[in-house]
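Colleague: I have this model open on my screen and would love a guided close-up. Please pick a single residue as the starting point and work outward from there, at whatever pace you like.

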Amino acid sequence: MHVVSLHDKGEIERYLRQQTLIHLYELGDLDDFFWQHTSWFALKEAGQIQSLFLLYSAINPPVLLAISENLPALRSLLQTSIYLLPSRFYAHLSGDLSVLLATHYRVDSQGLYYKMALVDTSQLETLNTSEVVPLTEADLDELQALYRISYPVNSFDPRMLETGHFYGIRRDNMLVSVAGVHVYSPRYKVGVVGNVTTHPAYRGKGLGTAVCARLCLELLRTVEHIGLNVKADNAPAIASYKRLGFEVVGEYEEALLSTLLS
């Protein structure tokens with residue numbers, strides 16, 4: 001086996017499509033909108049990819065996506081190529097990979113997360129989305145103000161407003177609930193819901209469910225697969241997503257890593 005840098009989108013896609021619902025982020029990042037910010041590394045045997053990881057650098061810190069059911073191969077890949085990783089990065093990690101990385105990095109675990117996928121779309125049309133409105137670049141300041149209040153540690157990338165897939169609800173002349181995307185690719189037929197939040201004073205009223213429903217309905221016009229990531233102990237959010245038709249399809253750990261002081 002040997003480690004290689006990958007540059008062929010078709011080759012990467014064929015590998016990822018073996019588990020489409022697990023790899024929605026990575027599939028979306030093949031789109032030209034994201035591709036320029038990606039670096040892909042794989043472990044190959046007899047010309048076939050055995051495992052791969054993605055380093056996405058459009059945001060700071062960059063994000064490592066190391067997700068696979070073939071943990072031995074992924075572990076071998078990371079052990080061999082750990083020198084390629086930056087001094088500080090955020091990571092999505094399968095299994096116990098954080099233990100492996102802890103030999104070179106200080107690991108600040110953010111806990112267990114679930115990957116959920118929209119497997120039943122029948123509920124979306126039954127929900128009231130009449131208050132939901134599309135958001136554009138013109139709403140950036142208002143959107144960032146909401147995130148500062150209700151979701152200060154989110155990974156919002158203002159560039160994602162260009163996709164046209166952010167939706168919100170206003171009450172009392174202010175934006176109080178929003179749902180958007182981390183990844184959107186009509187080319188690869190995938191969308192990943194993200195940056196979902198509701199102002200603390202307006203929670204428990206179904207607003208988050210409504211904005212997510214509208215977002216999913218709009219995404220389904222151009223994509224075939226919709227997913228999201230949610231912290232495993234966030235029971236209210238998980239219950240809301242299940243009402244929309246999402247189900248858990250995988251789990252992983254999120255962590256912030258920085259090099260150990262010498």
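**Outward from one loop residue**

Modeller: Happy to. Let's start at Asn 173, which is exposed, with a relative accessibility of 81%. Before going on, please keep in mind that this is a predicted model. Asn 173 sits in the loop that connects β8 and β9, and its phi is near 65°, a positive value for a residue that is not glycine. Asp 172 lies in the loop between β8 (167-171) and β9 too. Its phi is also positive, near 55°, and again the residue is something other than glycine. As for its surroundings, Asp 172 has a relative accessible area of 60%, so it is classed as exposed.

From that loop we can step onto the sheet. It is an open one of 12 strands with mixed pairing, and the order runs β1-β2-β3-β4-β5-β12-β6-β11-β10-β9-β8-β7. Its edges are β1 (2-6) and β7 (133-134), each of which pairs on one side only. While you look along a strand, a general point helps: in a regular strand, side chains alternate between the two faces of the sheet.

Strand β9 also leads us to a helix. Among what covers the buried residues of α6 are β9 (174-185) and β10 (190-198). Helix α6 spans residues 140-150, and its buried residues are Leu 143, Leu 146, Tyr 147 and Ser 150. They lie on the same side of α6, because they cover an arc of only 100° around its axis. On the other side of α6 you will find Asp 141, Arg 148 and Ile 149, which are exposed.

Ser 150 deserves a pause. This α6 residue has a relative accessible area of 12%, and since buried means under 20%, Ser 150 falls in the buried class. Apart from neighbours within four places in sequence, Ser 150 is in contact with Thr 197, Thr 198, His 199, Pro 200 and Arg 203. To get a sense of scale, try Leu 93: Ser 150 and Leu 93 are 57 residues apart in sequence, and their C-alpha atoms are 26 Å apart in space.

Now let's move to β12, which has β5 and β6 beside it in the sheet order. Strand β5 (residues 88-93) and β12 (residues 246-259) are antiparallel and pair over 6 bridges; within that pairing, Ala 91 has Ala 255 of β12 as its bridge partner. The pairing of β6 with β12 is antiparallel over 13 bridges, and here Asp 108 is partnered by Leu 256 in β12. Strand β6 is also joined to β11, in an antiparallel arrangement with 5 bridges. Ala 117 faces Gly 227 of β11 there.

Several of these strands come together again around another helix, α8. In α8 (residues 235-244), the buried residues are Ala 237, Ile 238, Ser 240, Tyr 241 and Leu 244. Looking down the axis of α8, you would see them within an arc of 160°, so they line one face of the helix. They pack against β6, β10, α7 (207-219), β11 and β12. Gly 245 follows α8, and its phi is positive, near 110°.

Strands β6 and β11 bring us to the inside of the model. As a general matter, rolling a probe the size of a water molecule over the atoms shows where empty space is left. Counting cavities of 30 Å³ or more gives 1, and the largest cavity holds about 50 Å³ of space. Its lining consists of Leu 21, Ile 22, His 23, Leu 24, Tyr 25, Lys 115, Met 116, Gly 227, Leu 228 and Asn 229. The elements that contribute two or more residues to that lining are α2 (24-28), β6 (105-118) and β11 (225-231). Of these, β11 provides the largest share, 3 residues. Sorted by class, the lining has 6 nonpolar, 3 polar and 1 charged residues.

One last stop for your backbone checks: Asn 60 and Pro 61 are joined by a cis peptide bond, with omega about 0°. Pro 61 is in the loop between β3 (48-56) and β4 (63-66).

Key: Residues numbered from 1 in each chain as written. Predicted model: local features only at pLDDT ≥ 70, side-chain atom pairs only at ≥ 80, totals over all residues. Heavy atoms only, no water. 1 Å grid on protein atoms, 1.4 Å probe; cavity = no way out; pocket = protein on both sides within 12 Å on 5 of 7 lines; lining within 4 Å. Points joined across faces, edges and corners; volume = space filled by probe spheres on them. Helix = DSSP H or I, 4+ residues; strand = E, 2+ residues; numbered from the N terminus. Nonpolar A, V, L, I, M, F, W, Y, C, P; charged D, E, K, R; others polar. Buried < 20%, exposed > 50% of the residue type's maximum accessible area, 1.4 Å probe, protein only. Arc of directions from axis to C-beta. Contact = heavy atoms within 4.5 Å. Pairing = 2+ DSSP bridges.
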